[in-house]
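Student: Could you take me through the largest pocket of this model? I would like to know which residues line it and where in the chain they come from.

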Amino acid sequence: NLIKEFIVRLDNNLVNFPKKEMELKNKIKNTSYDLLFTTYRANVSTNKELKKELAELLVAQVKYLDFLLNLCYDKQIINSKKYVKFGESLDDIVRHVISWMTTFK
């Protein structure tokens with residue numbers, strides 16, 4: 001699962017997060033876990049409208065994660081290589097969500 005892999009990589013890279021930025025770290029972790037939960041919720045739902053709504057929420061959560069990670073990059077908490085890698089993972093997740101959305105139109 002792309003999201004699980006993203007969370008594992010994220011956890012490994014957030015180990016040495018500055019203490020003064022713990023709120024940012026917690027927002028990133030919580031949002032990534034929310035992303036996984038939303039995915040599970042959408043996968044078990046049989047309601048097509050709810051699935052569409054949850055898929056839209058997934059895209060919004062990914063965009064929010066991208067914003068938070070960009071903030072980490074701007075604050076020099078993560079380097080450009082890590083930021084690009086996280087961005088690529090988030091792009092992959094969005095692509096999968098959007099293609100999945102087309103299956104219940």
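Tutor: Here is a walk through the pocket, with the chain around it as the setting. Please keep in mind that this is a predicted model.

Let us start with the frame. The chain has 4 helices and 0 strands, and from the N terminus on its elements run α-α-α-α. Along the principal axes, the C-alpha atoms fill a box of roughly 45 × 20 × 20 Å. The radius of gyration is 14 Å, which agrees with the value near 13 Å for a compact globule of 105 residues. Among contacts with a separation of 6 or more, 68% are between residues 24 or more positions apart.

Now to the pocket itself. The largest pocket has a volume of about 200 Å³. Two or more lining residues come from each of H1, H2 and helix H4 (80-101), and H4 gives the largest share, 4 residues. The lining brings together Asn1, Leu2 and Ile3 with Thr39, Asn43 and Leu58, and it is completed by Ile93, His96, Val97 and Trp100. By character, 6 of the lining residues are nonpolar and 4 are polar, with no charged ones.

For a charged residue you can look at Glu21, in the loop between helix H1 (2-13) and helix H2 (22-44). Glu21 has a relative accessible area of 13%, so it counts as buried, the cut-off being under 20%. Leaving aside residues up to four places away in sequence, Glu21 touches Lys75 and Ile77.

Notes:
Residues numbered from 1 in each chain as written. Predicted model: local features only at pLDDT ≥ 70, side-chain atom pairs only at ≥ 80, totals over all residues. Heavy atoms only, no water. Buried < 20%, exposed > 50% of the residue type's maximum accessible area, 1.4 Å probe, protein only. Contact = heavy atoms within 4.5 Å. 1 Å grid on protein atoms, 1.4 Å probe; cavity = no way out; pocket = protein on both sides within 12 Å on 5 of 7 lines; lining within 4 Å. Points joined across faces, edges and corners; volume = space filled by probe spheres on them. Nonpolar A, V, L, I, M, F, W, Y, C, P; charged D, E, K, R; others polar. Rg over C-alpha atoms; globule rule 2.2 N^0.38 Å.
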